[in-house]
Amino acid sequence: MGSIMKLFYEWEIQVLVLLSFMLQMFLFFTGSLRRRSINSFLRFFTWIAYLGADLVAVYTLGYLSRHEDATTGLSFFWAPFLLIHLGGQDTITAFAMEDNKLWLRHLLTLFMQVVLALYVFWKSIDKHDVELLVSDVFVFATGIIKYGERIWALKCGSFESLEGSTGQQYKQQVPGEVAEDPYSHIVCAALHRMPRVFRIFTARSGDSGTTIQENPSNWVKRMRLELGMMYDDLYTKSCVLRTRSGIILRYISQVSIMIALALFLTSGTRSGIGWPERKPYLNSIGQYNFHRWLDASSDQPRLLDTEHVEADKETMECVVRGITDFHAEISRVPRQWPKLGGIVQELEDIREDFGGKVALVHIITEAHLIKYPLHPPSDMETATGTSCSVMVEVCRKLSNYMAYLLVTHPSMLPLNDSALYTLEKMAHLFPHLIDEQQDSEGYFNIEPSMETLQELVDIWTKLIIYAAAKSRPEMHAAHLARGGELITFAWLFLSHNFLGDAEVIKVQLTNANQRGTIAYVFRNPARR
């Protein structure tokens, strides 16, 4: 046992440095994976690595400063490398929005760790040749720059900095000549719109303008790019590396590390950061079915029953098309609902209990969708050419997604009561709903048809529109770190069309039974 402990003490510094390096490598890969993944295990281990990386690096620097034998050989050379580790990876500077608020704490940590590294260096001056010491100085400079970049990125990602910024960093010239392929034009369009995306996320988007007419497929690609770029600015070093000062500092750090390597190799002692190819942002959407809970004898919603499915092209384009049609309906005659008019009337008092109405429509939807055949005839398709089976799948995904938000992210919905209270109330009403299915005039006995299915999809799209319009920017910014949400996608597209509580055109669910009066602090008598 004594020999094992002796061996451990002899190799302790090497083990700690190797552990710190492994954590940094893990963060390098998972930092880029989490922008498009909602896997809870990946998020958990990334969180552990994010916290552990700083802990191991700080502890190792303290170990080097306390032990005299740690400065012999090449062990002292690890001190500036640990500063580089504390600088973190370009792919992850913050795990959550709350981490960005701690940039001052990291600034204090930088000062303390630099002092410790200087102390270790001072103890090693008379023990090593000049070439090795000079090489250590260049690595030291790289470590300070890397840690400084991280603190800078954290500061830029905090809401205080975002609200105080003018968004000037986005107002850069995009090359006038781009490749002829359609995707290059989509990328340039997304870059041109980033100043407005920034204003949307900082709730300063009350400007007016004209909407851009594009087909839903291009809008989906653009919105995914915009959300991905906003994620990069909040949780990576992207905002730093786009500035002139950031580029200069990166150039200095890269040159310094190469000079340090050359000096190390010539001292006679022997003992690239890149961006991975990006996949589309928002690849999956959450799903939850109330029947899994209501049919079970449990007092709590079983959150383990939630799942995620692919955010397929049809679902995303359906949301885009629904918002585009909604914007066009503002100046037209109100839409008629010949098949589902009763359900729409049921939603008129939705302000009283938004969660309850969502749960009710969800149960009605599930009961209605089972009436459609698994293999419908080829002549059953919508005016846009979408088949019945595809529409059923889109409708089920939108319905399950709103149920998922109600169960897992109720703060993103405009609820009047708690989500738990709503679910308990629906559990008590469920037996009555079962009896209502026997009523030939009830909502559960609507005849299946393509027109009914299209109206049902439109109802869910409008519920998403209403919920997105009432949501807050800080909630969406926080959820970007978790792979993004479909409601964030809808919220951003609404803002692009100047719709929402922070925009020119406010959104209400219905004009029926409107109560209350708007009071103006400064009222213009010329306006009515």
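Trainee: Leaving aside its neighbours within four places in sequence, which residues is Lys237 in contact with?

Mentor: This is a predicted model, and in it Lys237 touches Gly87, Gly88, Gln89, Asp90, Thr93, Lys146, Glu149, Arg150, Ala153, Asp232 and Arg250. As for its place in the chain, Lys237 sits in the loop between helix 9 (216-235) and helix 10 (238-241).

Trainee: Why is Lys237 called buried?

Mentor: Its relative accessible area is 0%. The cut-off for buried is under 20%, so Lys237 counts as buried.

Trainee: What makes the pair of Gly87 and Lys237 a polar contact?

Mentor: Look at the distance: the backbone oxygen of Gly87 is 3.0 Å from a polar atom of the Lys237 side chain. A polar contact needs N or O atoms within 3.5 Å, so this pair fits the distance limit.

Trainee: Let's move one residue along. Where is Gly88, and what does its backbone do?

Mentor: You'll find Gly88 in the loop between helix 3 and helix 4 (97-100). Gly88 comes just after helix 3 and takes a positive phi of about 70 degrees.

Trainee: How do you know whether Gly88 is buried or exposed?

Mentor: Gly88 has 10% relative accessibility. Buried means under 20%, so Gly88 is buried. Apart from neighbours within four places in sequence, Gly88 is in contact with Gln24, Lys146, Arg150 and Lys237. The C-alpha atoms of Gly88 and Met25 are 9.9 Å apart, with their places 63 residues apart along the chain.

Trainee: What makes helix 3 "mostly covered"?

Mentor: Just count: 7 of the 9 residues in helix 3 (78-86) are buried. They are Ala79, Pro80, Leu82, Leu83, Ile84, His85 and Leu86.

Trainee: Both His85 and Gly88 seem to turn up again around the largest cavity. Which residues line that cavity?

Mentor: The lining is Gln24, Leu27, Tyr50, Ala53, Asp54, His85, Gly88, Gln89, Ile92 and Arg150. Helix 1 (2-33) and helix 2 (40-66) are the elements that give two or more residues to it. Helix 2 has the largest share, 3 residues. By type, the lining splits into 4 nonpolar, 4 polar and 2 charged residues, and the cavity's volume is about 70 Å³.

Trainee: What about Phe26 in helix 1: why is it called partly exposed?

Mentor: The relative accessible area of Phe26 is 34%. Partly exposed runs between the 20% and 50% cut-offs, so Phe26 belongs in that class. Leaving out neighbours within four places in sequence, Phe26 is in contact with Phe45, Thr46 and Ala49. Phe26 and Gln89 are 63 residues apart in sequence, and 9.8 Å apart from C-alpha to C-alpha.

Trainee: On to cysteines. How do you know that Cys239 is in no disulfide?

Mentor: The nearest cysteine sulfur, that of Cys156, is 4.3 Å away. A disulfide needs the two sulfurs within 2.5 Å, so Cys239 fails the test. In fact, the structure holds 0 disulfides.

Trainee: And why are Cys239 and Cys188 called buried?

Mentor: Cys239 has a relative accessible area of 10%, and Cys188 has 13%. Buried is under 20%, so both pass.

Trainee: Last one: what makes the backbone of Phe498 worth a second look?

Mentor: Most residues other than glycine have a negative phi. Phe498 is not a glycine, yet its phi is positive, about 60 degrees. Phe498 lies in the segment after helix 20 (486-496). Its relative accessibility is 7%, and with the cut-off for buried at under 20%, Phe498 is therefore buried.

Methods. Residues are numbered from 1 along each chain as its sequence is written. This is a predicted model: local features need pLDDT of at least 70, side-chain atom pairs count only at pLDDT 80 or more; totals for chains, interfaces and linings use all residues. Side-chain values use heavy atoms; hydrogens and water are left out. Buried means under 20% relative accessible area, exposed over 50%, partly exposed in between (1.4 Å probe, protein chains only). Helices (H or I, at least four residues) and strands (E, at least two) are DSSP runs, numbered from the N terminus. On a 1 Å grid over the protein atoms alone, a cavity is a set of points where a 1.4 Å probe fits but cannot get out, and a pocket is an open set with protein on both sides within 12 Å along at least five of seven lines; lining residues have an atom within 4 Å of a point. Grid points are joined across faces, edges and corners, and a volume is the space filled by probe spheres set on the points. Ala, Val, Leu, Ile, Met, Phe, Trp, Tyr, Cys and Pro count as nonpolar, Asp, Glu, Lys and Arg as charged, and the others, Gly among them, as polar. A polar contact is a pair of N or O atoms within 3.5 Å; within protein, one must be able to donate a hydrogen and the other to accept it, and residues adjacent in sequence count only if both atoms are side-chain atoms. Contact means heavy atoms within 4.5 Å.
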